Amino acid sequence: MDLSLLESPVPIGAVAPVPLIARRPAQLVGNTPVLWIDEPFAPPGRGFHAKLEGANPGGIKDRPGLHMVREARRRGDLVPGAPIVESSSGTLGLGLALAGLTYGHPVTVVTDPGIEPAMVRLLTALGARVDQVTAPHPEGGWQQSRRERVARHLAEAPGAYCPDQYHNPDNTAAYRPLAAELVTQLGRVDVLVAAVGTGGHSAGVTAGLRESFPELRLIGVDATGSTIFGQPARPRLMRGLGSSIHPSNVDYAAFTEVHWVAPAEAVWACRQLARRHYASGGWSVGAVALVAGWVARTYPAGTRIAAIFPDGPHRYLETVYNDLWCREHQLLAHETFLEPDEIAEPDECVVTHWTRCSRVRDPLGRKTAERASAR
């Protein structure tokens with residue numbers, strides 16, 4: 001180990017930078033750190049830069065939670081004191097709880113039984129009301145069931161507002177500051193690796209980065225069983241990435257390629273991150289690290305890779321980091337995951353483990369632009 005890395009970045013006797021003193025918790029959102037990640041995902045010198053969005057008070061979705069509410073208030077779509085109702089698996093719920101506290105709105109988070117009990121307790125402690133649906137929609141799964149419950153809440157409470165993170169362009173716009181932070185921190189970004197759920201942060205960060213780096217490559221990371229990129233919907237264990245519906249915020253034309261990752265592979269990556277780098281997170285973080293490591297190994301030396309880590313590990317202590325739970329779900333694989341399978345078309349077969357495809361298109365045909373990898 002290079003012991004120089006343990007030295008204080010501020011010489012003895014020097015004046016240390018003055019830490020931010022926030023007057024309100026919303027002022028703590030943004031300006032998150034970047035951490036270099038190499039082994040075991042890539043050899044030393046061939047790693048990637050992880051943007052640690054778990055350093056926000058509630059995670060990456062503090063950004064759109066605050067921005068969507070602020071913009072709705074500015075337009076008059078959300079009047080002072082009116083309730084906010086939204087579907088969430090948890091992380092946006094934290095962002096909306098922060099927005100509700102900041103702007104003075106009661107918040108109801110509609111979720112499903114897959115949410116971690118600790119997350120329910122945390123949302124409740126932060127002042128949000130949590131409403132869990134009990135059965136999945138026969139076609140749209142839990143997400144569609146949650147969206148229908150949101151519609152019922154809105155009908156019962158005139159004046160209530162739903163940000164609709166899946167289709168709200170403010171969700172995408174909220175991530176432009178994140179792109180600006182990466183430009184300042186890294187100077188140049190050649191490849192962005194991002195998980196895809198609502199499509200907000202992959203689209204917003206990419207749009208911002210391409211203003212400075214038009215040739216930027218975007219590599220999407222999805223979950224097996226997700227329908228976003230043309231696979232059939234199947235039950236999904238992983239939360240925070242993937243979808244059983246087709247969010248319109250997904251910018252299909254922006255992607256160079258897509259990778260699907262399975263739960264055991266994400267668990268392996270999460271635990272390697274924790275053990276080797278003291279920085280980890282949930283399903284999205286593990287999946288993104290796995291793919292970003294592959295990019296670092298296979299792209300030319302000197303390629304500057306940024307990977308978005310959306311959250312930290314704490315809500316996953318009873319799942320991803322619980323040996324008993326992982327054994328029950330057969331997730332403690334003893335192999336090292338280093339290479340994906342490849343398919344030529346996104347609907348060529350049903351993928352059940354790490355697989356990549358360099359042809360990306362909207363499965364609903366809403367956009368005709370396609371982007372194929374030049375690699």
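Mentor: Contact means heavy atoms within 4.5 Å. This is a predicted model, so keep in mind that local features need pLDDT of at least 70 and side-chain atom pairs count only at pLDDT 80 or more, while totals for chains, interfaces and linings use all residues. Residues are numbered from 1 along each chain as its sequence is written, and side-chain values use heavy atoms, with hydrogens and water left out.

Trainee: Got it. Which residues does Trp283 touch, not counting those up to four places away in sequence?

Mentor: Let's go along the chain, leaving out residues up to four places away in sequence. The list starts with Leu237, Met238, Arg239, Leu241, Pro263, Ala266 and Val267. It carries on with Tyr316, Val320, Trp325 and Leu331.

Trainee: Which helix gives the largest share of the largest nonpolar core?

Mentor: A nonpolar core is a set of buried Ala, Val, Leu, Ile, Met, Phe, Trp, Tyr and Cys residues joined through side-chain atoms within 4.5 Å; buried means under 20% relative accessible area, exposed over 50%, and partly exposed in between (1.4 Å probe, protein chains only). The largest one has 44 residues, with Phe48, Val193, Trp283, Val295 and Phe309 making the most contacts inside it. Elements that each supply at least two of its residues include E2, strand E6 (191-195), E9 and helix H9 (283-298). The largest share, 11 residues, comes from H9.

Trainee: How many residues of strand E2 (residues 48-52) are buried?

Mentor: Helices (H or I, at least four residues) and strands (E, at least two) are DSSP runs, numbered from the N terminus. Look at both faces of E2: Phe48, Ala50 and Leu52 are buried on one side, and His49 and Lys51 on the other. So E2 is largely enclosed by the rest of the structure, and the count of buried residues is 5 of the 5.

Trainee: And which strands does E2 pair with?

Mentor: Two strands pair if DSSP finds at least two bridges between them. E2 has an antiparallel partner over 4 bridges, where Val34 is matched with Lys51. Its parallel partner also shows 4 bridges, and there Ala50 stands opposite Ala307. Those partners are E1 (residues 34-37) and E9 (residues 305-309).

Trainee: Which strands sit at the edges of the open sheet?

Mentor: The sheet has 8 strands with mixed pairing, in the order E1-E2-E9-E6-E7-E8-E11-E10. An edge strand here pairs on one side only. That gives E1 and E10 (341-343).

Trainee: How many residues apart are Arg147 and Asp164, and which parts do they tie together?

Mentor: A salt bridge is a side-chain nitrogen of Lys or Arg within 4 Å of a carboxyl oxygen of Asp or Glu, and this pair makes one at 2.9 Å, N to O. Arg147 is partly exposed at 23% relative accessibility, and Asp164 is partly exposed too, at 22%. Arg147 lies in helix H4 (residues 141-156) and Asp164 in the loop between H4 and helix H5 (169-173), so the pair ties together parts whose separation in sequence is 17 residues.

Trainee: Are Glu257 and Arg356 buried or exposed?

Mentor: Their side chains meet in a salt bridge (2.8 Å, N to O). The pair links distant parts of the chain, with Glu257 in strand E8 and Arg356 in strand E11 (residues 355-357), 99 residues apart. As for accessibility, Glu257 and Arg356 are each buried.
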